[in-house]
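Here are my notes on this one, written as numbered points. Keep the structure open beside you and look up each residue as we go.

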Amino acid sequence: MYQPHRTLTWRVWGGAHPTEEAETCFLKAIEVARKQQAKSLELRAVTSLSRLWQRQGKKDEARQMLAEIYGWFTEGFDTKDLQEAKALLEELS
């Protein structure tokens, strides 16, 4: 499983274009999670990417992508990941 959080710290602080590298890592993690049908991991990666996009002023894109994955879930709304996603969706609205 591709785990962006393990490599992201090094890439962000060691690269010339940290924001672009972070975005690339998150997009790769989303792609892998989708291929593996790992919705929880996809949610985490999308939430992280949405936070990045929020800081870049891409609120509409962030909200759309996050709302799509958040809407897939039908249970587990008491989990930290879904609570964080919901809070971020509210910030993006």
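1. Let's start with one residue. Asp-81 has a relative accessible area of 21%, so it counts as partly exposed. The cut-off for buried is under 20%. Its partner is Arg-44: the two side chains meet in a salt bridge, with 2.7 Å from N to O. Asp-81 sits in helix α5 (residues 80-92) and Arg-44 in helix α3, so this pair ties together parts that are 37 residues apart in sequence. Arg-44 is partly exposed as well, because its relative accessibility is 43%.

2. Now step back for the overall picture. Please remember that this is a predicted model. The protein has five helices and zero strands, so if you read from the N terminus on, the order is simply α-α-α-α-α. There are 93 residues, and 35% of them are buried. Take the contacts between residues at least 6 apart in sequence: 48% of those join residues at least 24 apart.

3. Next, look at how α3 and α4 sit together. Helix α3 covers residues 39-55, helix α4 covers residues 59-72, and they pack at an angle of about 165° with their axes 9 Å apart. Roughly parallel or roughly antiparallel? An angle over 145 degrees counts as roughly antiparallel, so that is what α3 is to α4. The crossing of α3 past α4 is left-handed.

4. Which residues do the touching there? On the α3 side, they include Leu-43, Val-46, Leu-49 and Trp-53, and on the α4 side, Ala-62, Met-65, Leu-66 and Ile-69 are among them. Sorted by class, the contact of α3 with α4 has nine nonpolar, three polar and four charged residues.

5. Helix α3 has another partner to check, α5. The axes of these two helices come within 10 Å and cross at roughly 30°. Angles under 35 degrees count as roughly parallel, so α3 is roughly parallel to α5. This crossing is left-handed.

6. The list of residues meeting between α3 and α5 takes us back to point 1: Arg-44 of α3 is in it, and so is Asp-81 of α5. Others include Leu-43, Thr-47 and Arg-51 from α3, with Leu-82, Ala-85 and Leu-88 from α5. By class, the contact of α3 with α5 divides into five nonpolar, three polar and five charged residues.

7. Back to charges for a moment. Side chains of opposite charge can pair when their charged atoms come close. How many salt bridges does the structure hold? The count is eight. One of them joins Glu-31 and Lys-35, at 3.1 Å from N to O. Both residues lie in helix α2 (residues 18-35), four residues apart, which is about one turn of the helix. Glu-31 is partly exposed because its relative accessibility is 36%, while Lys-35 reaches 65% and so counts as exposed.

8. Is Glu-42 buried or exposed? Its relative accessible area is 4%, so Glu-42 is buried. Glu-42 forms a salt bridge with Arg-34, and their closest N and O atoms are 2.8 Å apart. Arg-34 itself is partly exposed, at 40%. I'd also spend a minute on Glu-42 in the α3 and α4 contact, where it is listed on the α3 side.

9. Trp-53 is worth a click too. This residue is found in helix α3 and, with a relative accessible area of 10%, counts as buried. What does Trp-53 touch, leaving aside its neighbours within four places in sequence? The contacts are Glu-23, Lys-58, Lys-59, Glu-61, Ala-62 and Met-65. Glu-23 and Trp-53 are 30 residues apart in sequence, yet their C-alpha atoms are 8.5 Å apart in space.

10. My last point is about a loop. Gln-37 lies between α2 and α3, and its phi is near 55°, a positive value in a residue other than glycine. Why point that out? Most residues other than glycine have a negative phi. Gln-37 is also exposed, because its relative accessible area is 70%.

Technical notes:
Residues numbered from 1 in each chain as written. Predicted model: local features only at pLDDT ≥ 70, side-chain atom pairs only at ≥ 80, totals over all residues. Heavy atoms only, no water. Axes fitted to C-alpha atoms, helices over the stretch in contact; angles between N-to-C directions. Parallel < 35°, antiparallel > 145°, perpendicular 65-115°, else oblique. Left-handed = near helix turned anticlockwise from the far one by under 90°. Contact = heavy atoms within 4.5 Å. Nonpolar A, V, L, I, M, F, W, Y, C, P; charged D, E, K, R; others polar. Salt bridge = Lys/Arg side-chain N within 4 Å of Asp/Glu carboxyl O. Buried < 20%, exposed > 50% of the residue type's maximum accessible area, 1.4 Å probe, protein only.
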